[in-house]
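Hi everyone, thanks for coming. I'd like to walk you through one structure today, so please have a look at it while I talk.

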Amino acid sequence: MTQTAPSLTQQDIARIARRIDRPIVLVGLMGVGKSTVGRRLANLIGVDFVDVDDEIERAADRSVAEIFEEFGEPYFRNGERRVMGRLIGEKQGVIATGGGAFVDPETRGLIREKAISVWLDCDIETLVERTARRDSRPLLRQGDPHAILLDLKERRSGSYSQADCHVVTDDGPHNATALRILEAIDSWL
Ligand SMILES: Nc1ncnc2c1ncn2[C@@H]1O[C@H](COP(=O)(O)OP(=O)(O)OP(=O)(O)O)[C@@H](O)[C@H]1O
Ligand SMILES: O=C(O)C1=C[C@@H](O)[C@@H](O)[C@H](O)C1
Ligand SMILES: [Mg+2]
């Protein structure tokens, strides 16, 4: 079912944007929309957007999948922790994390201290359908994507639920989700 978009006016959006005094960090499972919705959200409120997976890929000069293949997941997680630490200190605007970043206690503590965290959440069937469009996620190559996403949701929800705001996404336009995030932040601030 598609949820209705909040009816925020340009003035509402500008008013909320003025109240935002820290980076907005999007967390949640693969495919919830952290990267795509995050970019829309940044456009909407006129701030920079940065994607942690992209930053890691740039620093390593390899795709996330290649980093997993060549060096293994622990190496990727170390890079992710380092990049998050740097970005959270120097970046305002919207930061899209990789799906595992907020599960790391050190990274989660840093985000909770210095940013507004938003858990984007979605049902598993939708995530399976969305993530099947691109074979770029190494964790989903290790078996049945539905079973893997379900297992990750069970293991990670305790961490994700520590985010400041919780926004459930659906198949509506990305912009509608971006507006719902703004509404949730406005209520939380
Ligand atoms: N609200 C939405 N409605 C429709 N499609 C969406 C929505 N959010 C995301 N998608 C689609 O799902 C796919 C995955 O989205 P995206 O890459 O933003 O996820 P992500 O949370 O950044 O995942 P990852 O953790 O793997 O980086 C994209 O094709 C995107 O267009
Ligand atoms: O959920 C995860 O652990 C991941 C999500 C992606 O964003 C990438 O960071 C990588 O594929 C791992
Ligand atoms: Mg992403």
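Let's start with Ser-35, which sits in helix H2, the helix made of residues 34-45. Keep in mind that what you see on the screen is a predicted model. Is Ser-35 buried or exposed? The answer lies in between: Ser-35 has 17 other C-beta atoms within 10 Å, so it counts as partly exposed, since burial takes 20 or more and exposure 12 or fewer. Setting aside residues up to four places away in sequence, Ser-35 touches Asp-51 and Ala-96. The reason I picked this serine is the record: UniProt, in an unreviewed entry, lists Ser-35 as a "binding site".

Ser-35 has company in that record. In the unreviewed UniProt entry, the feature "binding site" is also placed at Gly-31, Val-32, Gly-33, Lys-34, Thr-36 and Arg-137. Let me take two of these, Gly-31 and Arg-137.

Where is Gly-31? Look at the loop that runs between strand E1, residues 24-27, and helix H2. Gly-31 counts as buried, because 26 C-beta neighbours fall inside 10 Å. Leaving out residues up to four places away in sequence, the residues that Gly-31 touches are Leu-127, Arg-130 and Thr-131.

Now please jump along the chain to Arg-137, in the loop between helix H7, residues 124-131, and helix H8. Arg-137 has 20 other C-beta atoms within 10 Å and is therefore buried. With the same sequence neighbours set aside, Arg-137 touches Met-30 and Thr-131. Thr-131 is thus a name you have heard before, as it is touched by Gly-31 and by Arg-137.

The unreviewed entry has another set of "binding site" positions: UniProt lists Asp-53, Arg-77, Gly-99 and Arg-156. I'll show you the two arginines.

Arg-77 is part of helix H5, which covers residues 73-90. Arg-77 is partly exposed, with 16 other C-beta atoms within 10 Å. Which residues is Arg-77 in contact with, once neighbours within four places in sequence are left aside? They are Gly-100 and Asp-104.

Arg-156 belongs to helix H8, residues 145-160. Arg-156 has 18 C-beta neighbours inside 10 Å, and so this arginine counts as partly exposed too. Beyond its neighbours within four places in sequence, Arg-156 is in contact with Leu-29 and Val-103.

Since we have met helix H5, let's see how it packs. Helix H4, residues 64-71, meets H5 at an angle of about 130 degrees, and the two axes are 7 Å apart. That makes H4 and H5 oblique to each other, because an angle counts as roughly antiparallel over 145 and as roughly perpendicular from 65 to 115. From H4, the contact takes in Val-64, Ile-67, Phe-68 and Phe-71, while H5 brings Glu-73, Tyr-75 and Phe-76. For those of you who think in side-chain chemistry, the residues of this contact are 6 nonpolar, no polar and 1 charged.

Just before H4 there is a little backbone detail. Asp-61 sits in the loop between helix H3, residues 52-60, and H4. Its phi is near 55 degrees, a positive value in a residue other than glycine. Asp-61 is exposed, with 8 other C-beta atoms within 10 Å.

Let's also visit the start of the chain. Ser-7 lies in the segment before helix H1, residues 10-19. With 8 C-beta neighbours inside 10 Å, Ser-7 counts as exposed. And yet Ser-7 has a partner from far along the sequence: its C-alpha atom is 9.4 Å from that of Ala-176, although 169 residues separate the two along the chain.

Finally, let's step back to the whole chain. How many helices and strands are there? The chain has 9 helices and 5 strands, and in sequence order they read α-β-α-β-α-α-α-β-α-β-α-α-β-α. A compact globule of 189 residues would have a radius of gyration near 16 Å, and the chain agrees, with 16 Å. Along the principal axes, the C-alpha atoms fill a box of roughly 50 × 40 × 30 Å. Of the 189 residues, 32% count as buried. Among contacts with a separation of 6 or more, 76% are between residues 24 or more positions apart.

That's my tour. Thanks for listening, and I'm happy to go back to any part of it.

Note on methods: Residues numbered from 1 in each chain as written. Chains lettered and ligands numbered in written order. Predicted model: local features only at pLDDT ≥ 70, side-chain atom pairs only at ≥ 80, totals over all residues. Helix = DSSP H or I, 4+ residues; strand = E, 2+ residues; numbered from the N terminus. Rg over C-alpha atoms; globule rule 2.2 N^0.38 Å. Contact = placed C-beta atoms within 7 Å. UniProt positions renumbered as here; feature names shortened; annotations may be inferred. Axes fitted to C-alpha atoms, helices over the stretch in contact; angles between N-to-C directions. Parallel < 35°, antiparallel > 145°, perpendicular 65-115°, else oblique. Nonpolar A, V, L, I, M, F, W, Y, C, P; charged D, E, K, R; others polar.
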